[in-house]
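Reader: I have a model open and some terms to pin down. Walk me through what the labels rest on.

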Amino acid sequence: MIETDVIVVGAGPAGSSAAKHAALGGAKVILIDKKSEIGSPKRCAEGVSIEGLKKLGIEPSPRWITKKIEGVRIQTPDGTDVWLTEDQVKIPEAGYILERKVFDKHMAMDAARAGAEIRIKTLVTAIDKIDNGFTVETESMGKKETFKCKILIAADGPEGHVARWAGLRPAAKAKEMESGVQYEMCNVEFEKPGVIEFYLGSCAPGGYVWIFPKGDDIANVGLAILPHKADKTAIEYLDDFVAKSPYLKNAQAVEINVGGDPVGGMTKKLYDDNIMVCGDAAGQVNPLTGGGIISGMTGGMCAGKVAAQAIKEDCSKKYLKLYDEMAHEELDHEIKRYKKVQEYLLTLSDDELDDIAHAFEGESFEKISTTEIVKKLIKISPKALLKLGKFV
Ligand SMILES: Cc1cc2nc3c(=O)[nH]c(=O)nc-3n(C[C@H](O)[C@H](O)[C@H](O)COP(=O)(O)OP(=O)(O)OC[C@H]3O[C@@H](n4cnc5c(N)ncnc54)[C@H](O)[C@@H]3O)c2cc1C
């Protein structure tokens, strides 16, 4: 039996952030992941905001950044484009496209440098509640081990089991789990370089198609759909889109990524005696964009900080409630607001999307942010005013 203060299951962005902050707070931490290479395979379009990284205290590194985002293109079903690019609008350090396979490894290295021990290619197969803690069963290359910890942090992603095993509800109901699929492609043509592209409407029911540039002719080309709104599978929608797009006529896929994205908002219960849940496992995802890197790491940071303090004071749910308060304080504002926008977008037909895009064509923006876009939306669409009036 290997004893430690904190075990974090999952070395994705949320888990590494939790492990780092727990270790920085003085706890003895073991970070466990079933992958043989942390970060690989990726299940992500790899977009993050610069502001988000800054808030987490993460210094951008050329080792894991592939492209700086120079603007946004939004296209509606009739082909109308809304361009939000530097020649038209101030882009206050919008964001980066990462190389997740490198980024995730670097985040785990940060955790290790803070003092966490990392176990790779180690599958957590079961957990058991014991007096003041958990036992955790693992299997690694044929070897079975049992660990004992005072705090267990479940950061095992959208399909994670750990929280459920502990009696907590999973992050998303099936209805709120987007189904995502993506090709990383080369020979992609861009009208404007460095611009992230979004295609709205029935090309991806319940979600959107994206083209996120990673290099001069390289991009993540993917989509997410809500399966109950769709007539086909996600890959069928994506293949249709790729076949029709003039920018992808010569494109070749070098990678395919498939994954679920919980867009239903944060789980009701994020903690219990000796356990906390963070990241996708806790629904810490922007419901509009499906982005969960920054929000998951923020949740992980809160869980890690609370874990380190709890080890010194009290590991019961009475104390861990602090994590719930911190996570809601940090993330509620964004998650709740963007859930509203997502719900509004779900009500729009292709024709309504086109009408909005036509109205947007003549609009000018001061700066680029989702809030700015929603502000304009409210100005031009009565339906948006009705549904999103309280957004800004
Ligand atoms: C197609 C797609 C595109 C996306 N694009 C973006 C984007 O552009 N920007 C953005 O911010 N977000 C994006 N997301 C969401 C983003 O990828 C996730 O929000 C993010 O990875 C969540 O981090 P996490 O640490 O919670 O979980 P994960 O990154 O899923 O990490 C969970 C880890 O737990 C490990 N694990 C699971 N079970 C066990 C077990 N039993 N034992 C040991 N280890 C285990 C897994 O191996 C994994 O490494 C996208 C998602 C999808 C599906």
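Reader: Which elements do the buried residues of α1 pack against?

Author: They pack against β1 (2-9), β2, α3 (100-114), β11 (143-154) and α6. The model is predicted: local features need pLDDT of at least 70, side-chain atom pairs count only at pLDDT 80 or more, and totals for chains, interfaces and linings use all residues. Residues are numbered from 1 along each chain as its sequence is written. Helices (H or I, at least four residues) and strands (E, at least two) are DSSP runs, numbered from the N terminus. Two residues are in contact if their C-beta atoms, placed from the backbone, lie within 7 Å.

Reader: What makes α1 mostly covered?

Author: Eleven of its twelve residues are buried. A residue is buried if 20 or more other C-beta atoms lie within 10 Å of its own, exposed if 12 or fewer, and partly exposed in between; C-beta atoms are placed from the backbone. The buried residues of α1 include Pro13, Ser16, Lys20 and His21.

Reader: How do you know that the span of α1 agrees with its number of residues?

Author: The expected span is 1.5 Å times one less than the number of residues. For the twelve residues of α1 that gives 16 Å, and the end C-alpha atoms are 16 Å apart, so the two agree. Gly26 follows α1, with a positive phi near 105 degrees.

Reader: Why does Tyr323 count as buried?

Author: Tyr323 has 25 C-beta neighbours inside 10 Å, and the cut-off is 20 or more, so Tyr323 is buried. Tyr323 sits in helix α7 (residues 317-346). Beyond four places in sequence, its contacts are Leu270, Tyr271, Met276, Cys302, Ala303 and Val306.

Reader: And why is Ile118 called partly exposed?

Author: Ile118 has 19 other C-beta atoms within 10 Å, under the 20 for buried and over the 12 for exposed, so it is partly exposed. Ile118 belongs to strand β8 (residues 117-119). Leaving out residues up to four places away in sequence, Ile118 touches Ala11, Leu31, Ala108 and Ala112. Ile118 and Ile32 are 86 residues apart in sequence, but 6.0 Å apart in space, C-alpha to C-alpha.

Reader: What makes a set of residues a nonpolar core?

Author: The members are buried Ala, Val, Leu, Ile, Met, Phe, Trp, Tyr and Cys residues joined through C-beta atoms within 7 Å. The largest such core here has 111 residues. Val6, Val8, Ile153, Leu223, Met276 and Ala307 touch the most other members. α6 gives the largest share of this core, eleven residues. In soluble globular proteins, nonpolar side chains tend to be buried together.

Reader: What is notable about the backbone at Glu46 and Asn187?

Author: Both have a positive phi in a residue other than glycine: near 75 degrees for Glu46, near 65 degrees for Asn187. Most residues other than glycine have a negative phi, and most peptide bonds are trans. Glu46 lies in the loop between β2 and β3. Asn187 lies in the loop between β12 and β13 (195-199).

Reader: Are those two residues buried or partly exposed?

Author: Glu46 has 23 C-beta neighbours inside 10 Å, so it counts as buried. Asn187 has 13 other C-beta atoms within 10 Å, so it is partly exposed.

Reader: Which residues does the cis peptide bond join?

Author: Ser40 and Pro41, with omega about -5 degrees. Pro41 is in the loop between β2 (29-32) and β3.

Reader: Why is the ligand said to lie between domain 1 and domain 2?

Author: Both domains give residues to the shell around the ligand, so the ligand lies between them. The domain bounds come from an automatic or database domain assignment. Domain 1 is 2-45 + 101-173 + 264-343, domain 2 is 68-92 + 174-262 and domain 3 is 345-388. The centres of domain 1 and domain 2, taken over C-alpha atoms, are 29 Å apart. Their contact takes 14 residues from domain 1 and 17 residues from domain 2.

Reader: What puts a residue around the ligand?

Author: Its C-beta atom, placed from the backbone, must lie within 6 Å of the molecule. There are 38 such residues, and Gly10, Gly12, Gly157, Gly279 and Gly292 come nearest. Elements that supply at least two residues of the shell include α1 (13-24), β9 (123-130) and α6 (293-312).
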